[in-house]
Amino acid sequence: MTVTQIFGPPGCGKTTALMDILEQALQDGIHPSRIAVCSFSRKAINEFLDRAVARFEVDRKHFPHMRTLHSTAFRALGIKRDDVMSKKDYEVLGAMLGEMFNVNVQPEAGMLLPWGHEKGTRYMAIIDRARYRMVDIEDEWRFHQTYGMTKAKCRQIRDQMDLYKERLFKFDFVDMIEHYVQRIEPPALDLFILDEAQDLTPLQWEMAKKIASAAERTFTAGDDDQAIHEWSGAEAKSFVEFGDERRILTQSYRLPKKIFDLSDRIVRRIRTRVPKEYHPTEELGEVHWHTKLSDVSLGTGSITIMARTNAIAKTLALEVHNMGYYYALSGKPPVTPEKIRALSTWRTLAAGGEVFLPQIKDLYQNVPKQGPRAVLKRGASSLLDAAAADERFTMDSLVRNYGMREDAVDRAAFDVLALGDHLSQYLRRIELMGEDITKEPRIKIGTIHSMKGGEDDICVLFTGTNRFIEETASLEGEHRVFYVGVTRAKRVLHIVQPPLYDRNHRNYRYEI
C-alpha cells in the first residue's frame with residue numbers, strides 16, 4: 001500500500017488532478033468497482049461524480065464506491081432509512097429527558113447535527129464531538145461554553161440516548177462510522193481517493209485508514225490551510241501525517257495578484273501548517289475596503305456575500321432585501337421555487353399561451369382556494385384527475401372545464417399567488433430593476449463554511465464575528481476560516497469590516 005498526499009491551495013485544480021489520476025487508472029484497465037472515492041462532503045462527491053460522468057460518458061452507477069463516508073458506512077452496514085435516528089426520535093427522547101434536542105440537516109454532509117442554543121442541543125453537540133474526536137466527555141468539556149450545564153447531566157443524556165437506540169435498533173450518524181470501523185471489512189481496491197481530507201475527525205480517519213488498508217494505492221487530497229471544520233472535531237494533523245510522499249499543486253487558476261497577496265498575509269499567520277508556495281494568475285484583480293454593506297455596489301454581476309455565522313448571514317440578507325436586490329440566503333430565495341414556477345405558469349396563461357398538466361397541478365397547489373382572493377372553485381383540483389396526460393391547457397379551458405374562477409383571470413400574477421403586500425411590492429421592485437425572478441438569484445448569501453470549495457467573480461466578505469467566537473474559537477482556526485473566505489474571489493473582493501466601536505457598542509470582528 002502506498003499513500004500519496006496532494007495539497008491543493010485555493011483554485012489550483014485539485015479536483016482536476018484527482019480526475020487525471022482516475023482517468024489513468026481506467027486507462028490502465030482498472031474496473032470502476034475496484035475504485036473508491038470518499039469525502040465527508042456531499043458537495044465534493046457530487047462534483048466528482050458529475051465530472052466523472054461528463055468526462056468518461058458513463059452512468060453514476062458505474063462507480064458504486066464514490067460516496068461520502070457516511071453513505072459508505074450506511075450501505076456497508078445494510079441498514080435502512082427507518083433505522084436512522086430522525087427528528088421525531090430526538091423529539092421523543094427530549095420529552096423523556098425533559099430537554100429540547102434541536103437537530104438539522106447539515107447541507108454539506110447531508111446528516112442530522114445538533115444545531116442551536118438550547119441546553120439539550122448543546123449537551124448533544126458535546127457528546128457527538130467527543131465521539132468524533134474519540135475522547136471522553138471530560139476531555140471534550142473544555143471546548144464548550146457550559147454555563148448552567150453539568151458533566152453528570154451530559155453523561156445521563158449520553159447513556160439514555162444509547163439505551164434508546166439499543167432498544168429501538170436505531171443508528172445515529174456517529175454510530176455508522178463507529179460500526180464500520182469495528183465490524184466491516186472494506187472491499188479490495190486498486191485505487192482509493194480521499195478528498196477534502198483535512199476536514200476529517202479522528203474517528204472518520206480511522207474509517208478512512210481502514211479503507212486505505214485494503215487498497216493498492218491511496219491518494220489523500222486537501223489543504224491544511226483550509227481546515228475550517230474544527231467545530232465538528234476535525235483535525236488537519238491526521239491528513240498531514242498520513243502519507244508516504246507529498247505533492248503540492250503550485251498554480252492557482254482563480255486568484256488574481258491583489259487577492260492572492262491579501263490571502264498570503266492571512267495564511268502566514270498560521271503557525272502549524274505545511275508551507276506551500278503557489279502562484280496567482282496574471283490578472284491584477286481588485287480589493288476594496290468598506291465599513292458597511294450598503295457602500296458595496298451590488299447592482300451588477302454574480303456576487304457572493306459571506307459571513308462568519310448563520311445569524312450574521314441572515315442580518316446581511318435583510319439588508320440586501322431592504323436595498324431592493326434579489327438574493328438567495330443559504331441557497332433559498334425569498335420566494336419558494338414552487339411559487340416561482342406557479343407565477344411563470346400564470347403569466348404564460350395570461351399571455352394566451354398553453355401549458356401542460358404538471359404545470360397546472362403546480363399552479364393549483366399554490367393559489368388560494370377560499371376567501372375573497374380565491375382563484376379556484378371548490379373541488380377544482382380533483383377535476384384535473386380526469387385530464388389527459390398530454391392535454392394542453394389555456395386560461396379559457398381552465399375556466400370552462402377545470403374550476404378556474406372567471407373573476408381571477410385578469411389578476412396580476414403576484415395577486416393570484418397571494419404572496420402578501422410586502423413581498424409582492426418587493427418582487428415588483430425587483431422586476432422593475434430588470435432582475436428576472438424566475439432565474440437563480442445572482443446574489444448569494446451564506447456562511448464562509450458553506451462557500452468552501454466554491455468561487456465567484458465578485459465576493460463580499462463580512463469580517464464581523466461575535467463574542468462567543470472571540471472567547472472560544474482558536475486563533476489559528478479563525479485565520480483558516482477567513483483565509484478560505486478571501487480566496488473565494490476570482491476577480492473582485494470587497495472586505496466589509498465594521499468599526500470596532502459603534503455608538504460605544506463593542507463590535508467583534510476578525511482583523512484582516
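Helices here are DSSP runs of H or I of at least four residues, strands are E runs of at least two, and both are numbered from the N terminus. You are looking at a predicted model, where local features need pLDDT of at least 70 and side-chain atom pairs count only at pLDDT 80 or more, while totals for chains, interfaces and linings use all residues. Residues are numbered from 1 along each chain as its sequence is written, and side-chain values use heavy atoms, with hydrogens and water left out.

**Stop 1: the whole chain**

Start zoomed out. The protein chain has 20 helices and 18 strands. Its C-alpha atoms fill a box of roughly 75 × 60 × 55 Å along the principal axes. The radius of gyration, taken over C-alpha atoms, is 26 Å, which agrees with the value near 24 Å for a compact globule of 512 residues; that globule rule is 2.2 Å times the number of residues to the power 0.38.

Now colour by burial. Buried means under 20% relative accessible area, exposed means over 50%, and partly exposed lies in between, with a 1.4 Å probe and protein chains only. By that cut-off, 52% of the 512 residues are buried. The chain exposes about 24800 Å², and carbon and sulfur atoms supply 50% of that; the areas come from the Shrake-Rupley method with a 1.4 Å probe, and for residues only the protein chains shown count as cover.

A contact means heavy atoms within 4.5 Å. Among contacts between residues at least 6 apart in sequence, 76% join residues at least 24 apart.

**Stop 2: the sheet with strand 2**

Select strands 3, 2, 6, 7, 1 and 8, in that order: they make an open sheet of 6 strands with parallel pairing. Two strands count as paired if DSSP finds at least two bridges between them. At the edges sit strand 3 (66–68) and strand 8 (245–248), each pairing on one side only. From one strand to the next, the twist averages 20 degrees. For angles like this, axes are lines fitted to C-alpha atoms (for helices, over the stretch in contact), and values run from 0 to 180 degrees between N-to-C directions.

Zoom in on strand 2 (35–39), which pairs with strand 6 (189–194) in the parallel sense over 4 bridges. Here I35 stands opposite L191, and A36 stands opposite F192. Towards strand 3, strand 2 runs parallel with 3 bridges, and S39 stands opposite T68.

How many residues of strand 2 are buried? The count is 5 of its 5. In a regular strand the side chains alternate between the two faces of the sheet. Show the side chains and you'll find I35, V37 and S39 on one side, with A36 and C38 on the other, all buried.

**Stop 3: helix 3**

Stay in this area and add helix 3 (69–77). Its buried residues are L69, H70, T72, A73 and L77. They cover an arc of only 160 degrees around the axis, which puts them on the same side of helix 3; the arc is that of the directions from the helix axis to the C-beta atoms. Just after the helix, click G78, which takes a positive phi of about 70 degrees.

**Stop 4: R129 and D20**

Next, select R129 in helix 5 (119–133). Buried or exposed? R129 counts as buried, at 9% relative accessibility. Leaving aside neighbours within four places in sequence, R129 is in contact with E140, F143, H144, E230, W231, S232 and G233. Draw a distance to V460 as well: the two C-alpha atoms are 31 Å apart, with their positions 331 residues apart along the chain.

Then hop to D20 in helix 1 (14–27). D20 is partly exposed, with a relative accessible area of 38%. From D20 to T447, 427 residues away in sequence, it is 31 Å, C-alpha to C-alpha.

**Stop 5: the sheet with strand 15**

Finish on another open sheet of 6 strands with parallel pairing, in the order 9-16-15-10-14-11. Its edge strands are strand 9 (286–290) and strand 11 (327–329), each paired on one side only. Neighbouring strands are turned by 20 degrees against each other on average, direction ignored.

Pick strand 15 (456–462) and strand 16 (489–496), which pair in the parallel sense over 6 bridges. The bridge partner of C459 is L493 in strand 16. Finally, bring up helix 20 (475–486), which packs on the sheet and touches strand 10 (303–307), strand 15 and strand 16. The direction of helix 20 makes about 145 degrees with that of strand 15.
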